[in-house]
Amino acid sequence: MSGRVDGKVALISGAARGQGEAEARLFVKEGAKVVISDILVEQGQKVAADIVRQGGQATFVKLDVTKEADWQDAVDTTVRTYGKLNILVNNAGIFRMEGVEATSLELWNQVIAINQTGTWLGMKYGVPAMRKAGGGSIINISSGAGIIGTGMAAAYHGTKGAVRILTKTAAIEYAKDNIRINSVHPGVIDTEMVTGLLAEEGGRAIVQAHPLGRVGTVDDIAYGVLYLASDESSFVTGSELIIDGGFTAH
Ligand code: NAD
């Protein structure tokens, strides 16, 4: 039986845990070779080793998405190890709750560096390798926070909105190279990023803000990302895939 991304090579940022890890495991299950990258070295290495133990092909590379040299190294490692790059998931991100006045300049710059600059750098270094491969698919993980406001998390919303529109302009720029670029907009997903939030008093309200009556799982997102990564979505570029249980439908 053939997999949905058979023979493809993927690089995923922030894949040591959470959604990135789920995407890595699903891609491998569907026939891809995967480079898992993160600043969490030990955790990322464990995920890669576990995939290999189960018969899949995966390797880990340390990647701080704010660092140009790390991106160059991650792309080089991918091509050296598996011969090409077909899929890039710009998934690494951080969430901060602070509103406009409570956000320090340092915090603002940190969130922008990881969520926004990191996504741009991923495309900047991923595109040349994909061009050599004859094309590819880039999936930028934005958020429901890139579609609507919530009255908090100013820097986070700013960066996720930026990722949404950056995706669209890059999609137009690289269509000629057969590189498709789309954004994914998860609702609240049960990962370490939000365990604190969900445990707090407001946790119930967060669940209720999702018309389907629950927060999302990592697999809810991974299946959407898999679709965009695969050739099933060969006519899809510059689009935004909302996977949020209706959170932004209000
Ligand atoms: P997570 O915190 O479990 O995973 C994020 C990963 O990014 C971690 O492994 C972390 O080490 C890594 N990371 C952080 N800074 C990095 C850096 N400088 N370089 C490389 N890696 C770095 O959370 P998650 O829910 O799996 O988040 C994945 C993506 O989904 C993020 O972009 C996040 O903003 C987005 N998202 C999450 C939710 C949610 O509710 N969990 C909702 C919408 C969007």
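Which of the 27 residues around the ligand come nearest? In this predicted model, the answer is Arg-17, Asp-38, Asn-91, Tyr-156 and Thr-191. The legends below treat the pocket and the ligand in turn.

**View 1. The largest pocket of the predicted model encloses about 1000 Å³ of space.** Its lining is made up of 44 residues. Those nearest the centre of the pocket are Gly-93, Ile-94, Phe-95, Tyr-156 and Met-193. Two helices, α1 (residues 18-29) and α5 (residues 154-174), each contribute at least two residues to this lining. Sorted by class, the lining holds 23 nonpolar, 15 polar and 6 charged residues.

**View 2. The ligand sits in the largest pocket.** The elements that give two or more residues to the shell around the ligand are α1 and α5. These two helices also supply residues to the lining of the pocket itself. The shell comprises 14 nonpolar, 9 polar and 4 charged residues.

**View 3. Asp-38 and Tyr-156 approach oxygen atoms of the ligand through their side chains.** For Asp-38, an N or O atom of the side chain is 2.6 Å from an oxygen atom of the ligand. For Tyr-156, a polar side-chain atom lies 2.7 Å from an oxygen atom of the ligand. Tyr-156 also belongs to the residues nearest the centre of the largest pocket, and both Asp-38 and Tyr-156 are among the residues that come nearest to the ligand.

**View 4. Leu-63 meets the ligand through its backbone.** Here a polar backbone atom of Leu-63 is 3.4 Å from a nitrogen atom of the ligand. How much of the ligand's accessible area does the protein cover? On its own, the ligand has 830 Å² of accessible area, and the protein covers 96% of it.

Definitions and conventions: Residues are numbered from 1 along each chain as its sequence is written. This is a predicted model: local features need pLDDT of at least 70, side-chain atom pairs count only at pLDDT 80 or more; totals for chains, interfaces and linings use all residues. Side-chain values use heavy atoms; hydrogens and water are left out. On a 1 Å grid over the protein atoms alone, a cavity is a set of points where a 1.4 Å probe fits but cannot get out, and a pocket is an open set with protein on both sides within 12 Å along at least five of seven lines; lining residues have an atom within 4 Å of a point. Grid points are joined across faces, edges and corners, and a volume is the space filled by probe spheres set on the points. Helices (H or I, at least four residues) and strands (E, at least two) are DSSP runs, numbered from the N terminus. Ala, Val, Leu, Ile, Met, Phe, Trp, Tyr, Cys and Pro count as nonpolar, Asp, Glu, Lys and Arg as charged, and the others, Gly among them, as polar. A residue is near a molecule or strand if one of its heavy atoms lies within 4 Å of it. A polar contact is a pair of N or O atoms within 3.5 Å; within protein, one must be able to donate a hydrogen and the other to accept it, and residues adjacent in sequence count only if both atoms are side-chain atoms. Accessible areas come from the Shrake-Rupley method with a 1.4 Å probe; for residues, only the protein chains shown count as cover. A molecule sits in a cavity or pocket if more than half of its atoms lie within 2 Å of its grid points.
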